[in-house]
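Me: I have a chain open on my screen and a list of labels I'd like to see justified. Can we go through them one by one?

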Amino acid sequence: VQLCPDTHTKLNAAYVFGTTYQQSCKISVSKILLDFPNPIFYDLFLEYNGDNGQENLWAVPVLNLNLQYNERFVNQGSNMNNWLLTRRFFLVDVLSGKETDLEKPPRVIRIASKITISIRLVSHMQRGTIYPPLMTVAYTDVLVQNPETQSVMVSFSVNYEMNQSEAEIQTDIALGVLGGLAVLWSLLKTAGWKRRTGNSIIDLQTVFKFLLFYAGDLANVFFIITVGTGIYWLVFFKGQQFVSVLLPLPSQEQDFVTYVACAFSLKALQFLQLLVSQLTIDIFFIDWERPKGKVLKAVEGEGVIKSAAAPVSIWRTYFIANEWNEIQTVRKINPLFQVLAVLFFLEVVGFSNLALMDASSSLTRSNESYIAPWSRILRFGVSAALWIAIAILQVIFFSVFYERFVEDKISQFVDLCCVSNISVFLLSHNCFGYYIHGRSVHGHADTNMEEMNMNLKREAENLCSQRGLLPNTDGQTFQISISRKMRLQYDWIHETLTRKRGPARLLNSSANTFEQSTRAYNSMNKFLGSFIDHVHKEMDYIVKDKLMLERILGMEFMEPVEKSIFYNDEGHSFGDVLYYGNETTLLIFDILFFSVVDLASQSFVLAAILTYLQQEIFRFIRNTLGQKNLASKTLVDERFLI
C-alpha cells in the first residue's frame with residue numbers, strides 16, 4: 001500500500017509499533033500508467049496471536065473519504081456515527097478512465113493520494129491493548145494530458161493516538177492551582193514593594209506593579225507545567241516496557257505550544273522590568289578618607305598663598321566604581337559554555353534523537369534507518385532538561401569550587417571596598433536598599449605599598465579591630481530600610497547634585513557648574529558619612545537581624561517611621577541589583593527563548609546561535625546603560641569607567 005519507492009528498511013518501519021510514520025513523494029503519471037495497467041482490489045487484515053497462541057486475522061475497516069451517500073460525502077465529517085466503513089480499496093484505477101477504446105490511454109486516472117492508518121490505544125490498560133486499526137483513504141482524479149511531464153503527490157502515514165482528555169484535565173487543574181498560588185505570591189510581593197517604597201496608598205502604579213509581579217510568577221507557572229509535561233512524556237513514552245501511553249498528535253500539541261509562548265511572553269516582560277529597575281537604582285560611594293596634613297595653595301584672584309587641607313585622592317573612588325561596573329553582568333553560569341554544552345549534547349551526543357516520535361531510546365541512528373518526525377513536546381522536554389541539568393552543574397561547580405578556590409567576585413568587591421576605605425550606599429526602592437560597609441579599620445587607605453602590606457598583615461594576625469559596622473563584628477553588608485525623612489534629605493542633596501551635571505562634559509563645563517557639582521558631591525558624602533556615624537539623631541538607625549519569615553517572604557514587617565533599620569545580611573543580597581542575584585530569571589528566559597526559536601524553526605543550531613546573540617545584546621545594553629546610570633548617580637566621570 002506504499003506507492004513511494006524507498007529501501008525495504010525504511011518502508012518496513014511503517015509497521016514497527018509506536019513509530020509515527022510519514023512518507024510522501026511525487027510520482028509521474030507515465031510511471032503510474034506503466035506499473036498499474038489494471039486495478040487491483042485489496043482487503044487489509046491485521047495478523048495477531050490470540051490468548052491460546054493461535055494466529056488470527058482481523059479485518060481492518062476502511063474509511064473512504066470520497067464515498068458519497070445520498071449525494072453527500074458522509075465520511076468527511078467528524079461524527080463517527082455517520083461514517084460508512086468498507087473493507088475493500090484500490091491504489092490506482094486506470095481502467096475506469098478509458099472512454100471508448102481499452103487500448104488507448106485513459107483520459108482520467110484515480111489514485112489513492114493519501115493513505116493513513118490510525119491506531120488508537122485503549123485507555124487505562126497496562127499491556128498495550130489497542131482498538132482495531134482504521135485505514136483512511138483519499139482519492140484524487142488526475143486528468144491525463146501529458147503523462148511524461150505530469151506528476152501527482154501521494155502520501156502514506158501511520159498515526160498512533162490515545163485519549164488525551166485525562167492529561168488535559170490534570171494540566172488544567174495544575175494550572176488553576178498554581179495560578180491561584182501565583183496570585184497570592186504576587187500580592188505578597190506587591191505588599192513588600194509598597195512597604196519598601198514608603199507609600200501605603202493603593203493607586204494605579206500599585207495595580208501596574210502587581211500585574212508585573214503576576215506576569216513573572218505566571219510565567220514560572222507555565223514554565224513548570226510545560227517542563228513537567230515535556231519530561232513526563234519523554235520518560236514514560238520512551239521508557240515504557242509495555243505500551244501504556246502514546247504521544248499527543250501534532251494537532252493535540254497546540255495547547256502545549258500556546259503555554260510555552262505564554263511563558264516566554266510573560267517572562268520577557270519580567271526580564272525587561274528587571275532590566276529597567278537595575279538601570280535606575282540610586283548608588284553613591286562614601287569616601288571615608290580624611291585629609292592628611294595641609295598644603296599651601298594660591299587663592300585665585302587675591303595673589304596670596306594660604307594653607308589648606310591636603311586633597312583626598314579620587315582614584316580610589318574611580319577604582320571602586322570600575323569594579324562595580326565590571327560585576328554588573330557577572331553570572332553564576334557561563335552563558336557561552338551553557339549554550340555550547342546544550343548544543344553538544346543535542347547534536348553531537350545525539351540526545352535530539354530522543355525527540356523523535358518512535359519507541360526507540362537510542363541516541364544514535366544509522367543513515368539507512370527511517371527517521372520519524374519530531375515531537376514538539378519531546379523537543380522541548382529534551383532541550384529544557386539539558387538546559388536545567390547543565391545549569392545546575394555549573395552553579396554547583398561555581399559555588400563549591402570556583403568561588404571557594406579561584407575567585408568570588410562579590411566577596412572580593414566587599415573586601416576591596418574595605419581596603420579602599422569606601423562604602424557603597426544603594427537604594428533599589430524609594431525607602432529600601434543595601435549598604436556595604438567599607439570603612440577601613442586602619443583609618444586611611446591612601447598610602448604606599450609598604451604601609452598597605454603592614455595593615456593587611458595586622459588584620460591577618462588580629463592586631464586591629466574587626467571590619468564590621470558594629471564593634472567586634474564582621475558584618476559588612478546590610479539590607480537597609482530607611483525612614484521617609486532620610487529619603488527626603490537624600491533626594492534634596494541629590495537634586496542639587498544632578499541639577500547641572502558636569503562630569504560628562506568636564507573639560508568644557510563652566511567653573512560655576514563644576515564647583516556646584518563638587519560641592520553637592522561633598523555634601524552627599526558628608527551627609528551619608530554622618531548618617532552612618534549616628535550624627536543625625538532625628539535620622540538615626542538601628543541594626544537588627546531579619547526574622548526567618550521575613551527572609552522567606554522577602555519583605556519587612558517593621559516600618560521605619562522614626563529610625564531607619566539596617567538588617568544584617570551575610571548572603572550579600574545586594575547582588576539582587578546585579579545579574580548575579582537574578583540567575584533563575586535569566587536562566588528561565590534563556591531556556592524559553594531557545595525553545596520558542598526551536599519550536600518555530602525545528603533547528604537546535606539556529607536556536608543556540610540566536611540565544612547567545614540575545615544574551616550578548618542584553619548584556620551590552622545592561623553594561624552600557626548601567627555605566628551611564630553609575631556616572632549619573634555617583635558623579636564619577638564616565639570617561640574613567642573602562
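What follows is a run of questions and replies on this predicted model.

Me: Let's start with the cysteines. What makes Cys4 and Cys25 a disulfide?

Reply: Their sulfur atoms are 2.0 Å apart. The cut-off is within 2.5 Å, so the pair qualifies. A search of the whole structure finds 1 disulfide. With -100° about the S-S bond, the link of Cys4 and Cys25 is left-handed. As for where the two ends sit, Cys4 is in the segment before helix H1 (8-12) and Cys25 is in strand S1 (residues 21-28). They are 21 residues apart, and the pair links distant parts of the chain.

Me: Why are Cys4 and Cys25 called buried?

Reply: Buried means under 20% relative accessible area. Cys4 has 6% relative accessibility, so Cys4 is buried. Cys25 comes in at 16%, so Cys25 counts as buried too.

Me: And how do you know that Cys417 isn't bonded to Cys418?

Reply: The closest cysteine sulfur to that of Cys417 is the one in Cys418, and it is 8.6 Å away. A disulfide needs the sulfurs within 2.5 Å, so this is too far for a bond. Cys417 is also buried, because its relative accessible area is 0%.

Me: What about Cys262, buried or partly exposed?

Reply: Partly exposed. Its relative accessible area is 28%, and that label covers values between 20% and 50%, so Cys262 falls inside the range.

Me: On to Phe319. What makes Leu416 and Ser420 its contacts?

Reply: Contact means heavy atoms within 4.5 Å. Leaving aside neighbours within four places in sequence, Phe319 is in contact with Leu416 and Ser420. Phe319 sits in helix H6 (residues 315-326). Its C-alpha atom is 9.6 Å from that of Cys417, although the two are 98 residues apart along the chain. Phe319 is partly exposed, because its relative accessibility is 40%.

Me: Gln476 is in a loop. Why is Gln476 called buried?

Reply: Its relative accessible area is 10%, which is under 20%, so the label fits. The loop in question runs between helix H10 (449-460) and strand S18 (477-481). Not counting residues up to four places away in sequence, Gln476 touches several residues, including Val414, Cys418, Tyr435, His437 and Arg467.

Me: Which residues does Leu249 touch, and why does Leu249 count as buried?

Reply: Leu249 lies in the loop between helix H4 (204-239) and helix H5 (254-278). Beyond residues up to four places away in sequence, Leu249 touches Asn159, Tyr160 and Glu161. Its 15% relative accessibility is under 20%, so Leu249 is buried.

Me: Now charges. What makes Arg110 and Asp141 a salt bridge?

Reply: The N to O distance between their side chains is 2.7 Å. The rule asks for within 4 Å, so the pair passes. Arg110 lies in strand S10 (residues 108-120) and Asp141 in strand S11 (residues 134-143), so the pair ties together parts that are 31 residues apart in sequence. Both ends are partly exposed: Arg110 is at 38% and Asp141 is at 45%.

Me: How do you know that Glu407 and Lys409 make the cut as well?

Reply: Their side chains meet at 3.4 Å, N to O. That is within 4 Å, so they form a salt bridge. Glu407 is partly exposed at 21%, and so is Lys409 at 37%. Elsewhere, salt bridges that share partners join Asp282, Arg487, Asp491 and Lys633 into one network.

Me: How about Arg365 and Asp358?

Reply: That salt bridge has an N to O distance of 2.8 Å. Arg365 is partly exposed at 21%, whereas Asp358 is buried at 6%. The count by this rule comes to 23 salt bridges.

Me: Last one. How do you know that domain 1 and domain 2 touch?

Reply: 9 residues of domain 1 are in contact with 9 residues of domain 2. Domain 1 covers 8-161, and domain 2 covers 282-500 + 512-641. Their centres, taken over C-alpha atoms, are 65 Å apart. The area buried between them is about 680 Å², with carbon and sulfur atoms giving 62%. On the domain 1 side, H1 and S1 each supply at least two of the residues that touch domain 2. The two domains have 0 salt bridges between them, but 2 residue pairs are in polar contact across the interface.

Conventions. Residues numbered from 1 in each chain as written. Predicted model: local features only at pLDDT ≥ 70, side-chain atom pairs only at ≥ 80, totals over all residues. Heavy atoms only, no water. Helix = DSSP H or I, 4+ residues; strand = E, 2+ residues; numbered from the N terminus. Buried < 20%, exposed > 50% of the residue type's maximum accessible area, 1.4 Å probe, protein only. Domains from an automatic or database assignment. Buried area = accessible area lost by both parts, 1.4 Å probe. Polar contact = N/O pair within 3.5 Å; in protein donor to acceptor, adjacent residues only side chain to side chain.
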